[in-house]
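Hi everyone, thanks for making time this morning. I'd like to walk you through one model and the contacts I think are worth a look. Please pull it up on your screens and follow along.

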Amino acid sequence: MTAPANAVPDRAERSLRQTLLSPGYRRLLLLCVLLGVPIALACFFFVGLQHELQHWVWTSLPEAAGFDTPPWWWPLPALVLAGLILAPIVTRMPGGGGHLPVNGLGGAPVGPRALPGAVLAALATLPLGVVLGPEAPLMAVGSGLALLAVRRAGAGGDQRASAILATAGSTAAISTILGGPIAAAVLLIEGAGLAGTQLVALLLPCLLASATGALVFTGFGQWTGLEIGALSLPDLPPQANPDAGDFLWGLPTAALIAVLVTLARELGRRTVTWTRRHTAARTVACATAVGVCVAAYALITGRSPAEAALSGQAALAQLAAQPHAWSVGALVALVACKGLAWGIALGALRGGPIFPAVLLGAATGLACSGLPGFGATPALALGIAAAAAAVTGLPLASAVLAVLLLGRDAHDQMPLIVTASVVAFIVAQLVRGSGPEAGRAPGGESGGETGGAPTTGAAR
């Protein structure tokens, strides 16, 4: 006799209830709440110190030397210095300075022993303009402090609990720069890949169907004037049907962004292979090459080299505020020079891969926004979503990130954002080489000490 159809869900529900009500799980939740405060404070001071150092290198020091903005050659000594600082960290310190950015945000959590090297590498090199973001070092701070607290409390023997706490610490840390816990939670849920390939196979058609449905209902609602009683918040801006030109030019632009990001990551993987031998010298050489690319951008455009050298947060804000202040030539030069520098940095330096990719996607989208019927706001929106999806391999989290970044302006463009995210994800999968992913960094890059699950599967 077969079991009732609802027997399996009932058992799963009872198992979940037992887990949630167990004393050990409740203690785990309480510990996560208690850890969130010191981790957030540590991340606040980490990012604050990084920004102060960055301001000193790229604003205060040039002004003290008599320059209104950093001259074109400024990145050359800065990046050489970054390479000289990073080389002994990569080759001699435990953990090799943290995860390789070409591997995304995945990998084993960074433990207490590897944390000093990751923090030192980030604070010493990110302000010098290594074309990487702070997200990976922040996650290292979160996981390292969480594991340190567990060991100080004498609870380090439970490997499963340690892995959960390390992941929770990383999520708390990354939420500080992703606009809050929603984007971090979606990143974790999608990146964990609990259902493996089945989750991705189910997610893509659901995203496309929902985007198409939203587009159709928006169009028919405006055309007929009828209301369907869908879930809505009355204080949000009124819905607007995206223009046909936004989709006509936007989807090929999303595919182009995916190709550019994926090719840059492939350059990063080749750089990893090259730096496995003579690691110290070649790390300095790669940092110097990054400086040459940034200086070339400043020479070509006459603009500040900081726009290409830093993680992209400030430049992205400038693009969003004044999208027409940049010529198409300057945007193309930014994508070419910063993209090349980012590709080299992915395989040799230390930092996060997402923020620079988002700027590259936004710049590519805005460079194409002059096409007939293609607006600046849709171009910016799909550029962010497409680049994030291509670099992380997480289309849902990338769409959520784009929506959160654009705020009220994203409401009208959600169908385009979601569709661009899916298109970029698929194109990136098609373009990506069949070779193996980049391995460990020289000197033992992983730094994981828990033996637990990775923090996320981002940029798998």
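Let me begin with charge pairs. Searching the whole structure turns up three salt bridges. Keep in mind that this is a predicted model, and I'll come back to the confidence scores later on.

Two of the residues to find are glutamate 266 and arginine 269, whose side chains meet in a salt bridge with an N to O distance of 3.6 Å. Both sit in helix α9, which covers residues 244-275, and they are three residues apart, about one turn of the helix. Glutamate 266 also forms a salt bridge with arginine 270, where the closest N and O atoms are 3.6 Å apart. Here the two partners are four residues apart in helix α9, so about one helical turn separates them. Why does that spacing suit a pair of side chains? An α-helix has 3.6 residues a turn, so residues three or four places apart point the same way. And side chains of opposite charge can pair when their charged atoms come close.

Put together, Glu266, Arg269 and Arg270 are linked in a network of salt bridges. How covered are the members of that network? Glutamate 266 is partly exposed, with a relative accessible area of 25%. Arginine 269 is buried, at 9%, whereas arginine 270 counts as exposed, at 57%. The cut-offs matter for those labels: buried means under 20% relative accessible area, and exposed means over 50%.

Moving along the chain, arginine 303 forms a salt bridge with glutamate 307, and the closest N and O atoms there are 3.0 Å apart. Arginine 303 is partly exposed, with a relative accessible area of 25%, while glutamate 307 counts as buried at 11%.

Now let's zoom out to the whole chain. The protein chain has 17 helices and zero strands. Of its 460 residues, 50% are buried. Among contacts with a separation of 6 or more, 79% are between residues 24 or more positions apart. As for the outside, the chain exposes about 20,700 Å², with carbon and sulfur atoms supplying 67% of that.

One piece of that outside deserves a closer look. Val37, Leu41, Phe44 and Phe45 make a nonpolar surface patch of about 460 Å². Phenylalanine 44 lies in helix α2, residues 23-64, and with a relative accessible area of 59% this phenylalanine is exposed.

For a contrast, turn to helix α4, residues 115-125, which is mostly covered: eight of its 11 residues are buried. The buried residues in α4 include Leu115, Gly117, Ala118 and Leu123.

Next, cysteines, since somebody usually asks. How many disulfides does the model have? The count comes to zero. Cysteine 293, for instance, is in no disulfide, and the nearest cysteine sulfur, that of cysteine 337, is 6.7 Å away. To be counted, the two sulfur atoms would have to be within 2.5 Å. Cysteine 293 counts as buried, at 9% relative accessibility, and cysteine 286 counts as buried too, at 5%.

Staying in that part of the sequence, alanine 285 is found in helix α10, residues 279-301. Alanine 285 counts as partly exposed, at 35% relative accessibility. Its C-alpha atom is 9.4 Å from that of alanine 348, although the two are 63 residues apart along the chain.

One loop residue before I finish. Where is serine 369? Look in the loop between α14 (354-367) and α15 (376-392). Serine 369 counts as buried, at 14% relative accessibility. Leaving aside residues up to four places away in sequence, serine 369 touches Phe374, Gly375, Ala376 and Ala379.

Finally, the confidence scores I promised. The chain averages a pLDDT of 78, and 72% of the residues score at least 70. Over residues 217-221 the pLDDT is below 50, and beyond near neighbours in sequence that stretch has seven contacts in the model. Residues 434-460 also stay under 50, and for them the model has 98 contacts beyond four places in sequence. Where pLDDT is low, the predicted coordinates should not be read in detail.

That's my tour. Thanks for listening, and I'm happy to take questions.

Definitions and conventions. Residues are numbered from 1 along each chain as its sequence is written. This is a predicted model: local features need pLDDT of at least 70, side-chain atom pairs count only at pLDDT 80 or more; totals for chains, interfaces and linings use all residues. Side-chain values use heavy atoms; hydrogens and water are left out. pLDDT is the predictor's confidence in each residue, from 0 to 100. Contact means heavy atoms within 4.5 Å. Buried means under 20% relative accessible area, exposed over 50%, partly exposed in between (1.4 Å probe, protein chains only). Helices (H or I, at least four residues) and strands (E, at least two) are DSSP runs, numbered from the N terminus. Accessible areas come from the Shrake-Rupley method with a 1.4 Å probe; for residues, only the protein chains shown count as cover. Patches are made of residues with over 30% relative accessible area and no salt bridge: like charges are joined within 9 Å, nonpolar side chains (Val, Leu, Ile, Met, Phe, Trp, Tyr) within 5 Å. A salt bridge is a side-chain nitrogen of Lys or Arg within 4 Å of a carboxyl oxygen of Asp or Glu.
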